[in-house]
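Me: I would like a close look at a single part of this structure, followed outward to whatever surrounds it. Please take one strand and set out its place with care.

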Amino acid sequence: MIFRKRRIEKLIPCILEVLTIFKADKVKPSPELIAKRLGVSVDLVRDALKVAFERDLIKPDTYDLTNSGRALLIRHRESFLHDKYLHRFTLPWRDFSKFKDADDHLSLKHGLGSEGLTRLKVSLSSLTGRIEELKPLSSLSPGSRGVIEFTVGGYGLLRRLADMGLTPGTEVVIVRNAPFGGPIVIQVRGSSVALGRGVASKVFVRLIGD
Amino acid sequence: MIEVSIKRIVLALAGNPNVGKSVIFNQLTGASQTVGNWPGKTVERAEGKLHFKGYEIYVLDLPGTYSLSAYSQEEIVARDYIAIERPDIVVNIVDASALERNLYLTIQLLELESPVVIALNLMDVASKKGIKIDVEGLSRILGVPVIPTIAITGYGVDKLLSTVIDVVEGKIKLNPLKVRYGKEVEEKVQSLSRAIWNNLPELCSKYPARWIAVKLLERDEEIVKKVSGFPKGSLILLLADELADELERLHGEPSPIIIACERYSIITSIISKVQSISPVSKVTLSEKLDYVTTHPFLGYVILLGVMSTVFTIVFLGGSFLEELLSILFEDILLSYVEKVIFEWFSPFIAEVILNGFFTGIVAGITIAIPYVFTFYILLAILEDSGYLPRAAFLMDNLMHKIGLHGKAFIPLLLGYGCNVPACIGCRIMETDRERLILGFLVVLIPCAARTVVILGLVGKYIGIFAALLLYGIDLLIVVLLGRLLSKSLPGSPVGLIMEMPDYRMPLIKAVLIKTWVRTKDFIYVALPLIVLGSVILELLRVSGVIWAISSMASFVIQGLLGLPSETAVPLIFGILRKELTLIILLEVFNVNDFSLVLSPSQMIVFSIVTMLYIPCIATIAALVREYGVKRAFLISLLSILLALFVGMITNGVLYILKY
């Protein structure tokens, strides 16, 4: 029973993700469809939905996210990004107690200005795919293709990238990967562009097959 | 009566970097061009003239940019020139092999409502890549003439010129594409531009109202600043902010990105109509070269090879030219001038004129020019071939350790040959901050002249390992200072975002023109400063003030550094030419063997101070040229303080070690 409870807790944010995808694709959600998309049993989804209805995360009739549901979704995406990608570049023995809250931690530790932080939240909230499907450009190997979803960074970086043709929705191909954490080369809009590893780790793409 | 008048046309060249813009500029103007800086900016301004079909065409080469936002000085310079100076025609040079990215600038030029003619360059490269472009279709959609060109062979350049004249004479009517965005953005642009038109007529006489509206929605700092200068500006800014916020809420992206996306979607629809790509299976030579030169192992081997070749050529070629010129000037010209001057003037004045003025000129010509000229040729070849971005790509990781990115590697390495070209090379960095950090660092690299001192003193009398140790210490100082500066200067380090252009065969003519123009520019700036410095030093010497200064400096020299007080004189003269310090040291002590007058530890301290303190006068001139007087002074001052500090510590350490 305890395991089942924990699984349900883990499933809820994923269900929220899938519901936003369905909404964007104009698919009418049902427990069966959700279960199929996530690859879990329908029973589990039904139970998780029940919990989500109780906590007022999802409206029972329309399957729309409530405000608290949306907030949970963004928090889930944020912590996923943070745990999976951002902390790989930092030192583990640094003192964590000096940060007030998550935002404080992100801005002081990962150098996200308040502007960059707001951008991150906005892009996370407008994401229509699952956060688990996104990868930073720096983690891809030569030959892989992806569509840019969003970039974590301030105006300056975003503008420079946009001027080189790296706007959200653009398809890029990884051409080369320098060793020892060096820059990467991508093909974008018919030209080759080299990105430093720091820049590349801030550009998140959704992988696509050939 | 027939009036004969010269008809003038002002033509501006605009385009992305690496599209062959400078090649077309050279084809148009030949060697008639001049290069300077834009007023108040460290952005190169190249201009030239040509005559064609009875017109005198004045050609201005705008800096190569990817966009017309306010991101860099180059972009501000380019868009202000086009908007405010209103050239008669803007020739937009477009890379046919990367049409999609290039049209981004074209769209913005059309938004500025400038009279555009497009030169569709690199047609040969495009067709090699299997890219077919419907030139007429493109011209029809954009509503401006599109002329296919291959700049390196000169193909299409005449047609381009005659089209320009046809446009100016009104034989070809421009009907430029009206850039229209998607519904949500377009509504906001229109309502904002109406408000701007009604409230800011003065600004609308400079820039198109619609363009101001788009820029305000993009939150462009420059335009926001300009608008806020008007009494009704705050009203407009408030409205613009509100509209931009609304856009951001709708799309979930920052407004500049929304508008960039809109522009690209216009471009994508154009591309789908005019461009077709048939995949080519053959791997081009450029691709092969690219693979090898960015290879994780071979790439570094090649980089080492290229850089040591450059180093050797600058060093050998420079010293050969120096020898040649000094025979010409010192042995032949100077001995003649000496006779004449001593006949005409009193000995005091004659000495100042001869040793100050003429020696200064000779020093400038025989030192700066050989190395600068040789370096410029090699730089132009590396630039035009497309190798520089590859070197930057390979070194990016290491350069991040000193707070800079890959491109910083090139000036640093050149510093070992001569600091002058290294200082000038610093302009390849994008931001002011990066440029300044690099400026501090390159003057600390021991150049060929300082190598002579280190080897002649420490290397000869103590041993080669001690000399190598000095190089090690120097490198350590560069790394530490780089880290310190990048941490303490305001702003955050800029990551590498750099286009990797295809490899191209550099054209000899283009390389020579570029080299000549840049060398000429350097002579104008550096020579007067070198001569002035030399005259001042000579005045000090002849009047005997130098001895007063050296006795004043003896506290520092003797007390802090533990050197004999006489060494102040060679150190002062070293400012003129660093290798002079050794010669003057011999003269001051009147000996032939340094070990008679200097202890080993004094030799080490003297070499360290020579290595680090104030850059030579030619380098200072280059610093003034690149950074302005204030920053050049700051960099020089820091290097003096650093030399004294490190010298003092070395002295202390050696004393404790009882060396």
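The reply below begins with one strand of chain B and then turns to the core and to the contact between the chains.

Reply: The model is a predicted one, and what follows should be read in that light. The part I have chosen is strand β5 of chain B, which covers residues 89–95. Seven of its seven residues are buried, and the strand is therefore largely enclosed by the rest of the structure. Both faces of β5(B) share in this: B:Ile89, B:Val91, B:Ile93 and B:Asp95 point one way, while B:Val90, B:Asn92 and B:Val94 point the other way, and all are buried.

The strand has parallel partners. Strand β1 of chain B, residues 7–15, runs parallel to β5(B) and is joined to it by five bridges, with B:Leu13 having B:Val91 as its bridge partner. Strand β6 of chain B, residues 116–121, is likewise parallel to β5(B), through six bridges, and here B:Ile93 stands opposite B:Ala119. Taken with α3(B), the strands β5(B) and β6(B) make a right-handed β-α-β unit.

B:Val91 also leads into the interior. The largest nonpolar core has 217 residues, and B:Val91 is one of those that touch the most other members, together with A:Ile186, A:Leu195, B:Ile118 and B:Leu217. Helix α15 of chain B, residues 347–385, provides the largest share of this core, with 14 residues. As for B:Leu217, once its neighbours within four places in sequence are left aside, its contacts include B:Lys188, B:Val189, B:Leu192, B:Ala240 and B:Ile259. Another core, of 17 residues, lies apart from the largest one, and among its members are A:Leu11, A:Cys14, A:Leu16 and A:Leu49.

The helix of the β-α-β unit, α3(B), leads in turn to the other chain. The contact between the chains takes 32 residues from chain B and 36 residues from chain A. On the side of chain B that touches chain A, α3 (99–111), α12 (255–274), α16 (388–399) and β10 (497–499) each supply at least two residues, and α12(B) gives the most, with five residues. The residues on that side of chain B divide into 18 nonpolar, nine polar and five charged. Strand pairing also crosses between the chains, for β10(B) is joined by three bridges to strand β5 of chain A, residues 191–195, and the two run antiparallel. Within this pairing, A:Ala194 stands opposite B:Met498.

Key
Residues are numbered from 1 along each chain as its sequence is written. Chains are lettered from A and ligands numbered from 1 in the order in which they are written. This is a predicted model: local features need pLDDT of at least 70, side-chain atom pairs count only at pLDDT 80 or more; totals for chains, interfaces and linings use all residues. Two residues are in contact if their C-beta atoms, placed from the backbone, lie within 7 Å. Helices (H or I, at least four residues) and strands (E, at least two) are DSSP runs, numbered from the N terminus. Ala, Val, Leu, Ile, Met, Phe, Trp, Tyr, Cys and Pro count as nonpolar, Asp, Glu, Lys and Arg as charged, and the others, Gly among them, as polar. Two strands pair if DSSP finds at least two bridges between them. A residue is buried if 20 or more other C-beta atoms lie within 10 Å of its own, exposed if 12 or fewer, and partly exposed in between; C-beta atoms are placed from the backbone. A crossover is right-handed if, with the strands pointing away from the viewer, the path from the first strand over the helix to the second runs clockwise. A nonpolar core is a set of buried Ala, Val, Leu, Ile, Met, Phe, Trp, Tyr and Cys residues joined through C-beta atoms within 7 Å.
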